[in-house]
Amino acid sequence: MAIKLHRCPNLWVKISAHPCWKVQKTLDEQGVEYELVKGPLRRGKRDDLEKLSGQRLYPVIEFEDGSIYREEAADMAKTVEEGKLSEKAGAGALGGPDTAPPAEGSTEGGGA
Ligand SMILES: N[C@@H](CCC(=O)N[C@@H](CS)C(=O)NCC(=O)O)C(=O)O
């Protein structure tokens, strides 16, 4: 599975509390291949990230099919650890109801 890890540029911060490092380290530990895509430090400069993921925080994982996975870093790391990353590929992989696209055919909560 070829994925991209979009992350902040602070590559030297390697403490487990750092969201981007937490996910990157887990990918490394699990032997998941990825391409590192460094983004801008300042949130105000993250227009591309917002277009990609609907929000402005890193880390974000982009799958080969272009779908996006973003949750709290700790949850992302857990997903990777549990070998469930591929389950997040495809529509609806974003972390929150505000950013997740509605499922095809969805009535957006208006169903009976
Ligand atoms: N609670 C979030 C925090 C994510 C976060 O703060 N990421 C950093 C990069 S490691 C970031 O984008 N910071 C920019 C900002 O907060 O403006 C998580 O765990 O995913």
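**Sheet and helix packing in a predicted model**

Student: How do α1 and α3 of this predicted model stand to each other?

Tutor: The model is a predicted one. Helix α1 (residues 19-29) and helix α3 (residues 73-81) pack with their axes 9 Å apart, at an angle of about 0°. Angles under 35 degrees count as roughly parallel. The two helices, α1 and α3, are therefore roughly parallel to each other.

Student: Into which classes do the residues of the contact of α1 with α3 divide?

Tutor: From α1, the contact is made by Pro19, Lys22, Val23, Thr26 and Leu27, and from α3 by Ala73, Ala74, Met76, Ala77, Val80 and Glu81. These residues divide into 8 nonpolar, 1 polar and 2 charged.

Student: Which strands stand at the edges of the sheet?

Tutor: The sheet is open, has 4 strands with mixed pairing, and follows the order β2-β1-β3-β4. Within it, β1 (residues 3-7) runs parallel to β2 (residues 34-38), joined by 5 bridges, while β1 and β3 (residues 60-62) pair in the antiparallel sense over 3 bridges. A strand with a single partner has one side left without a neighbour in the sheet, so the edges are held by β2 and β4 (68-69).

Student: What is the handedness of the β-α-β crossover, right-handed or left-handed?

Tutor: The parallel strands β1 and β2 are joined by 5 bridges, and Ile3 stands opposite Tyr34 in β2. Between these strands the chain passes through α1, a helix that lies across β1 and β2 and runs at about 155° to β1. The crossover from β1 through α1 to β2 is right-handed.

Key:
Residues numbered from 1 in each chain as written. Predicted model: local features only at pLDDT ≥ 70, side-chain atom pairs only at ≥ 80, totals over all residues. Pairing = 2+ DSSP bridges. Right-handed = clockwise from strand over helix to strand, strands pointing away. Axes fitted to C-alpha atoms, helices over the stretch in contact; angles between N-to-C directions. Parallel < 35°, antiparallel > 145°, perpendicular 65-115°, else oblique. Contact = placed C-beta atoms within 7 Å. Nonpolar A, V, L, I, M, F, W, Y, C, P; charged D, E, K, R; others polar.
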